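Subject: Structure handover

Hi,

Here is the structure for you to look through. My notes follow below it.

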Amino acid sequence: MAHAPPELHAIQSSSPITTLRLSQQASVILERQLLSEKNPISALIAKQEDPEKYGIIEQLFFSCLQTGDDRSALLCLEQLTRRFGSSNEKVMGLRGLYEEAIAENQSDLEHSLRKYDFSLAENPLNLPILKRRIALLRSLSRPVDAITGLVELLKAVPTDAEAWCELADLYQSQGLSSQAIFSLEEALLIAPNAWNIHAHLGEVLYTCARAAETEVSSRYLRRSIQYFCRSVELCDDYLRGFYGLILATSLQLRREYTADFTQTPSSTSTEDFLPREKVEKLNHLAKKKLEDIVKQRSVDRQVWEHAQGELIAAKELLNRESY
């Protein structure tokens, strides 16, 4: 059985630089795929590999769009359309994304939105189009309409954890923290072991703690620490989880504890109370672990290219917390 070229497999975990390199090879890769399709024997063999082959073409489509190679992206889209048909819901979503990418002005984007509305009038449960419409509403700075769209989507598919997270982001952008927390809690009911969602919820709670009144702030902060702890328990090298844990425990230590603080505050239940010693240990552990992660990943060129923003932010936090 023939295998896809190795350069295509690299798309699976591409950094921005790798994405650029792959998109630059798009014409060669697509020509190879077209020649394979025209060869009757190769086409017969390739039928057994359709899911892998066309999944790779879809990823190449995304890479080309990201790097501005609209022509190659269109060739990818045409191959997918020939294989699955223009009425395929996923293909419709990809075509919508392509049209958004080549839009030259606001009017073109509004035209894409009207096309989505027309498609949904024919099939209200076309999920790829529903999601593209919501994404387009966000890019058009219409968050309230995007929230309405997501709520409708979740009525139809309440088990879409990604949609709940998207809704949480939108609520948070509008200052609706309670709704954001609820949305992330719903996402965790669907994906209880998703460490990134635990950390995301920790971040929202931490933000609430910084803004809330003292007693409510303490409750938010303790919950934030708990969710960050759970995120790194599920993934013991999750940089974002340890980053958040440092922030939350540092704020807890600055705000709530004094040198002679030994008793549980009367306003805090014993169940929620975090002793100072425990918070200090968590803070120290998080700093040590984050430092190790930064050292390890900074020497790996591929990792550095892919996540240098996170690593730089982590270094700055460690430097700031060392004083």
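Start at G85: this residue comes right after α6 and has a positive phi, near 95°. Helices here are DSSP runs of H or I with at least four residues, strands are runs of E with at least two, and both are numbered from the N terminus.

Two points on provenance. This is a predicted model, in which local features need pLDDT of at least 70, side-chain atom pairs count only at pLDDT 80 or more, and totals for chains, interfaces and linings use all residues. Residues are numbered from 1 along each chain as its sequence is written, and side-chain values use heavy atoms, with hydrogens and water left out.

The overall picture

The chain has 17 helices and zero strands. Of its 323 residues, 41% count as buried. Buried means under 20% relative accessible area, exposed means over 50%, and partly exposed is in between (1.4 Å probe, protein chains only). Take the contacts between residues at least 6 apart in sequence: 59% of them join residues at least 24 apart. A contact means heavy atoms within 4.5 Å.

Helix α6

Helix α6 covers residues 70-84. Its 15 residues should span 21 Å at 1.5 Å a residue, and the end C-alpha atoms are 21 Å apart, which agrees. The expected span is 1.5 Å times one less than the number of residues. Buried in α6 are S72, A73, C76, L77, Q79, L80 and T81.

Helix α8 and its surroundings

Helix α8 runs over residues 106-122. Its buried residues are L109, S112, L113, Y116, S119 and L120. Seen down the axis, they fall within an arc of 120°, so they line one face of the helix. The arc is that of the directions from the helix axis to the C-beta atoms. These buried residues pack against α7 (89-101) and α9 (127-139). On the face turned away from the buried side sit the exposed residues R114, F118, A121 and E122. At the start of α8, a side-chain oxygen of N105 comes within 3.1 Å of the backbone nitrogen of S107.

P124 sits in the loop between α8 and α9. Its relative accessibility is 54%, so P124 counts as exposed. The C-alpha atoms of P124 and L153 are separated by 9.5 Å, with their positions 29 residues apart along the chain.

What does L97, in helix α7, touch? Leaving out residues up to four places away in sequence, L97 touches F61, F62, L65, Y116 and R132. The C-alpha atoms of L97 and R132 are separated by 7.0 Å.

The cores

The largest nonpolar core has 63 residues. Those touching the most other members are L150, L167, I181, L184, I197, L201 and L290. Apart from it lies another core of 13 residues, among them I57, L60, F61 and L97. A nonpolar core is a set of buried Ala, Val, Leu, Ile, Met, Phe, Trp, Tyr and Cys residues joined through side-chain atoms within 4.5 Å.

Beyond its neighbours within four places in sequence, L201 is in contact with I181, L184, E185, L188 and Y227.

Two more items

S250 lies in helix α15 (residues 239-256). At 5% relative accessibility, S250 counts as buried. S250 touches N283 and E321, not counting residues up to four places away in sequence.

An unreviewed UniProt entry lists residues 161-194 as "repeat: TPR". In the model, that span is 79% helix and 0% strand, and its end C-alpha atoms lie 10 Å apart. UniProt positions are in the numbering used here, feature names are shortened, and annotations may be inferred rather than shown by experiment.

Best wishes

Terms used: A polar contact is a pair of N or O atoms within 3.5 Å; within protein, one must be able to donate a hydrogen and the other to accept it, and residues adjacent in sequence count only if both atoms are side-chain atoms.
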